[in-house]
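Q: I have a model open and would like to talk through how it packs. Could we go over it together, one part at a time?

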Amino acid sequence: VQFATVASSAEQQGVIAHRLRRRRLGLDAGIPMAWRDMAVICRSRGEVIRTARVLAGHQVPTSVAAGGVVLRDSQLVRELILILQHALGLESLTPRHLLDLLGGVIGGLDPIALRRLRGELRLQENRSARAEERPPVSVEELIAQACAAPGSGPVVDSRAGRSLGRLGALLSAARATAERGGTPREVLWEFWDGAGFAASLQNEALDGRGSRADEAHRSLDAVLGLFFALQRHEEQDSDLPVSDLLRELLASSVP
């Protein structure tokens, strides 16, 4: 039995990867050990997913013993469910939610770009308020207004501003589909198809390498799982409200 004292989760994963590679090369006992004869035991499925992802980045191949996809483990699926709840009128998107979407998989903005967006909105609003002799509104309210009634151009002429305008347009199209009587699956498809994520994820999954390709595969599997869950709910004409179904998907740890 060996122990290791580490200062962070990242260092812990690095120690694990280092020891596995040493055994693979036969540096400890002199006899190389196959990857399939080694194992990492974790306390939860979420930890399994995170560990496998990090080890792949350290060039340590892994296979997860429990098959299937847990939908709530996918950030993309969590964001899509949040958007679907909003489009169906089940939950309202707060400015905090909108910023999280912009900084998540769907928006694709890093923290620096988000800070710049807030600064640009604040500067533009202060100038407009002085010119119109009125008190300025908060950045959060500006973000909510931009998504509630997207215009023909970006709120501010920057990459982050265009992302905000694009998110607002996609949300508006999804809401319009719901108001026309579209099923939850059709509403989700309206957003998914308009966002154009499928092509980029497919290219990454088929042509990428290492952990990025694996992550693209997992994301596509999870999104398909979400569509299939909505399809089953629709075809079975279930008495379970779709709001309860979406909450169950976010709470369930079953693959």
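Q: To start with the helix pairs, at what angle do α8 and α10 pack, and how far apart are their axes?
A: This is a predicted model, and in it helix α8 (residues 184-195) packs on helix α10 (residues 210-235) at an angle of about 155°, with the two axes 9 Å apart. Angles over 145 degrees count as roughly antiparallel, so α8 is roughly antiparallel to α10.

Q: Which residues in α8 and α10 meet there?
A: From α8 the contact takes in P184, R185, L188, W189 and W192, and these meet V223, L226, F227, L230, Q231 and E234 of α10.

Q: And how does that contact of α8 with α10 break down by class?
A: The contact has 8 nonpolar residues, together with 1 polar and 2 charged ones.

Q: Let's move to α9. Which of its residues are buried?
A: In helix α9 (residues 197-207) the buried residues are F197, L201 and A205. Viewed down the axis of α9, these buried residues fall within an arc of 55°, so they line one face of the helix.

Q: What do the buried residues of α9 pack against?
A: They pack against α3 (75-87), α8 and α10, and two of those partners, α8 and α10, also pack on each other at the angle of about 155°.

Q: What about the face of α9 that is turned away from its buried side, which exposed residues does it carry?
A: That face carries L206 and D207, both of them exposed.

Q: Where does A199 sit, then?
A: A199 is in helix α9 as well, and with a relative accessible area of 47% it is partly exposed. Its C-alpha atom is separated by 44 Å from that of L27, a residue 172 positions away along the chain.

Q: Going back to α3, how does it pack with α7?
A: The angle between α3 and helix α7 (residues 159-179) is about 50°, and their axes are 9 Å apart. The two helices are therefore oblique to each other, and their crossing is right-handed.

Q: Which residues of α3 and α7 meet?
A: I83, H86 and A87 of α3 meet L171, A174, R175 and A178 of α7. By class, the residues of this contact divide into 5 nonpolar, 1 polar and 1 charged.

Q: What does the buried side of α4 look like, and which residues are on it?
A: Helix α4 (residues 95-102) has L98, L99, L101 and L102 buried. Their directions, seen down the axis of α4, fall within an arc of 160°, so they line one face of the helix. Those buried residues pack against α3, α5 (111-132), α6 (139-148) and α7.

Q: Now the N-terminal part: how do α1 and α2 cross?
A: The axes of helix α1 (residues 9-25) and helix α2 (residues 45-57) come within 10 Å of each other and cross at roughly 60°, and the two helices are therefore oblique to each other. As with α3 and α7, the crossing of α1 and α2 is right-handed.

Q: Which side chains make that contact of α1 with α2?
A: I can name the residues: Q13, I16, A17 and L20 of α1, and T51, V54 and L55 of α2. They divide into 5 nonpolar and 2 polar, with no charged residue.

Q: Changing topic to the loops, which residues have a positive phi without being glycine?
A: Q59 is one of them, with phi near 60°, and E133 is another, with a positive phi of about 55°. Most residues other than glycine have a negative phi.

Q: Where are those two, and are they buried or exposed?
A: Q59 is found in the loop between α2 and α3, and at 61% relative accessibility it counts as exposed. E133 lies in the loop between α5 and α6, where its relative accessibility of 74% makes it exposed too.

Q: Last, the overall picture: how many helices and strands does the chain have?
A: The chain comes to 11 helices and 0 strands. Its C-alpha trace spans about 80 × 50 × 30 Å along the principal axes, and 32% of its 255 residues count as buried. Among contacts between residues at least 6 apart in sequence, 55% join residues at least 24 apart.

Technical notes. Residues numbered from 1 in each chain as written. Predicted model: local features only at pLDDT ≥ 70, side-chain atom pairs only at ≥ 80, totals over all residues. Heavy atoms only, no water. Axes fitted to C-alpha atoms, helices over the stretch in contact; angles between N-to-C directions. Helix = DSSP H or I, 4+ residues; strand = E, 2+ residues; numbered from the N terminus. Parallel < 35°, antiparallel > 145°, perpendicular 65-115°, else oblique. Contact = heavy atoms within 4.5 Å. Nonpolar A, V, L, I, M, F, W, Y, C, P; charged D, E, K, R; others polar. Left-handed = near helix turned anticlockwise from the far one by under 90°. Buried < 20%, exposed > 50% of the residue type's maximum accessible area, 1.4 Å probe, protein only. Arc of directions from axis to C-beta.
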